[in-house]
Amino acid sequence: MSEAKTTAPTLAEKVEKATHQNTYLCYQCKRCSAGCPMAEHFDKLPNEVMLAIQNDDNSIMNSKTVWLCASCQTCNTRCPQSLDIPGILDYFRQETINSASVPETARFFKTFMRNARFFGRVYEAGLMGELNLREGKPLRDIGMGLNMIRRGKIRLTPDFARAPKTVSPQRPSSKAIAYYPGCSLHSTGKAFDLSFRGVVGELGGELKEIPGWVCCGTTPSHGVDAVAAVALPLKNLAIAEKMGVGKVVAPCAACFSRFQAALHHYRSDAPLSEKVDSALNENYRDAVSVENALDWLSTVDSDSIVKRVKRPLKGLKVACYYGCLLTRPPSVTGADDAENPTQMERIVRLLGGEPVDFGRKTDCCGGSLAVSHVQIAKGLTAKILIDAKRHGADIIAVACPLCQVNLDERQPEMSTSLDFTIPVLYITQLMALAFGLPRETQALEQSAINADL
Ligand code: SF4
Ligand code: SF4
Ligand code: SF4
């Protein structure tokens with residue numbers, strides 16, 4: 001009698017089991033690689049990663065591509081087969097976290113997650129200090145860090161947080177929206193927090209900060225732990241459910257993206273959602289939706305904005321920069337036009353300013369590599385700044401705290417590649433300025449490059 005032969009699963013089968021992606025659908029059109037901002041730094045292009053999986057070539061696990069991907073979501077947005085290439089690379093990251101081909105990125109991810117789990121929210125000064133010591137570079141970025149501390153952009157003390165045991169529900173008549181500032185808006189993105197709160201209040205909205213919110217895990221979580229990457233955002237949505245609200249606004253692009261991706265995976269991956277439910281240990285009902293700051297501002301009618309303008313931005317040419325995660329991939333973010341969003345341009349016009357045409361408005365600035373691979377991030381950032389300037393912009397408007405820091409704070413160090421500086425402000429700072437809101441709401445002094453407005 002012949003014995004049943006068991007064969008080990010192929011790489012493609014393992015990838016499909018973990019990510020639900022059928023890599024055999026790839027037909028090597030190379031659109032993913034053509035749009036990849038990191039292609040010049042990779043040892044395997046995204047289409048070559050897919051081919052290696054089809055060929056059962058396990059050496060792909062050791063490719064630098066796995067750990068250098070900036071998670072910009074361009075390749076999956078453009079893939080005609082809707083293949084989630086960064087999701088597949090995340091699977092390889094989780095499998096190789098302790099033997100990573102690019103140890104700096106893995107070290108950053110692990111240190112970030114340890115920091116977020118210990119404090120509940122990321123303590124940036126502690127994170128940078130620990131990373132610098134582990135890498136034997138105690139003075140790395142010390143000048144930039146001290147300047148940010150001086151401007152109140154980095155906190156010296158941690159912000160401990162734990163999800164509360166009980167939550168007071170809102171009055172049934174309340175129109176309040178739950179507000180998730182995320183770690184950045186409590187530190188490096190404080191100007192976004194101050195100006196967004198001020199603008200929402202001026203426009204008649206009401207934000208209620210989620211009590212005891214915790215870090216959403218952002219980019220490091222999905223490279224380290226697939227369950228935590230979904231459970232951390234949903235832990236916050238579970239608190240929002242107890243508040244009795246139907247909507248959460250998360251202005252930070254990285255937080256918004258993580259929330260939307262978590263909801264997407266929770267709804268589409270039953271085995272994963274079971275693990276998440278047991279990690280949450282909550283009666284989570286999936287009853288709250290999430291939007292970003294631009295989504296919220298898009299619900300405000302034009303007249304309501306125009307009638308509040310006291311100081312029109314007359315003659316101000318503005319390059320509106322969206323970055324990656326507010327819009328990509330549209331199957332997750334729900335963006336109407338992932339490659340050419342126009343929400344900020346509308347606001348700039350209503351404020352009396354002039355939006356400039358700007359080809360790199362959804363390019364990646366390398367924010368996820370800004371700590372582990374500063375030179376690569378600076379190269380990507382320089383292309384965006386130069387393009388904005390070439391199109392006549394006086395200023396760049398953003399809606400992401402990571403983009404703001406990356407585009408603004410690094411400029412003083414880039415005098416060899418840039419012969420100009422250009423201010424980078426949040427769109428809500430421009431609104432606060434045009435509405436004539438108090439200086440502390442405009443928070444212009446938080447930027448490295450003086451806007452002089
Ligand atoms: S875009 Fe999609 S189908 Fe085309 S090569 Fe890349 S992964 Fe394959
Ligand atoms: S997510 Fe961005 S950086 Fe990563 S492979 Fe895709 S296009 Fe390249
Ligand atoms: S910080 Fe840079 S990398 Fe991150 S979302 Fe913004 S544009 Fe993309």
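In what order do the strands S1, S2, S3 and S4 form an open sheet, and is the pairing parallel or antiparallel? I began with this question, noting that the model is predicted.

**Entry 1: the sheet of S1 to S4**

I read the order as S2-S1-S3-S4, an open sheet of 4 strands with parallel pairing. I looked up the edges next: strand S2 (207-209) and strand S4 (289-291) each pair on one side only. From one strand to the next, I recorded an average twist of 35°.

I then turned to one pairing inside this sheet. Strand S1 (residues 177-179) and strand S3 (residues 247-249) run parallel and are joined by 2 bridges. For Tyr179, I found Val249 as the bridge partner in S3.

**Entry 2: the sheet of S5 to S8**

I looked up another open sheet, in which 4 strands follow the order S6-S5-S7-S8 with parallel pairing. Its edge strands are strand S6 (354-355) and strand S8 (424-426), each of which pairs on one side only.

How many bridges join strand S7 to S8? I noted 3 bridges between S7 (residues 395-398) and S8, with the two strands running parallel. I followed Val398 across this pairing and arrived at Tyr426, its bridge partner in S8.

As background to both entries, I note that the strands of a sheet pair through backbone hydrogen bonds.

**Entry 3: the crossing of H13 and H15**

I examined how helix H13 (residues 226-243) meets helix H15 (residues 270-280): their axes come within 9 Å and cross at roughly 55°. Because of that angle, H13 is oblique to H15. I recorded the crossing of H13 and H15 as right-handed.

Which residues of the two helices meet? From H13 I listed Ala226, Val227, Val230, Ala231, Leu234 and Lys235. Their counterparts from H15 are Leu272, Lys275, Val276, Ala279 and Leu280. Sorted by class, the contact of H13 with H15 holds 9 nonpolar and 2 charged residues, with no polar ones.

**Entry 4: the surroundings of ligand 3**

I closed with the residues around ligand 3. Cysteines appear in this shell at Cys324, Cys364, Cys365, Cys400 and Cys403. I also found Gly323, Gly366 and Gly367 around the ligand, together with Tyr321, Leu325 and Leu402.

How many residues of each class does the shell around ligand 3 have? I counted 8 nonpolar and 3 polar residues, and no charged residues. The glycines belong to the polar group under the classification used here.

Note on methods: Residues are numbered from 1 along each chain as its sequence is written. Chains are lettered from A and ligands numbered from 1 in the order in which they are written. This is a predicted model: local features need pLDDT of at least 70, side-chain atom pairs count only at pLDDT 80 or more; totals for chains, interfaces and linings use all residues. Side-chain values use heavy atoms; hydrogens and water are left out. A residue is near a molecule or strand if one of its heavy atoms lies within 4 Å of it. Two strands pair if DSSP finds at least two bridges between them. Axes are lines fitted to C-alpha atoms, for helices over the stretch in contact, and angles run from 0 to 180 degrees between N-to-C directions. Angles under 35 degrees count as roughly parallel, over 145 as roughly antiparallel, 65 to 115 as roughly perpendicular and the rest as oblique. A crossing is left-handed if the near helix is turned anticlockwise from the far one by less than a right angle, and right-handed if clockwise. Contact means heavy atoms within 4.5 Å.
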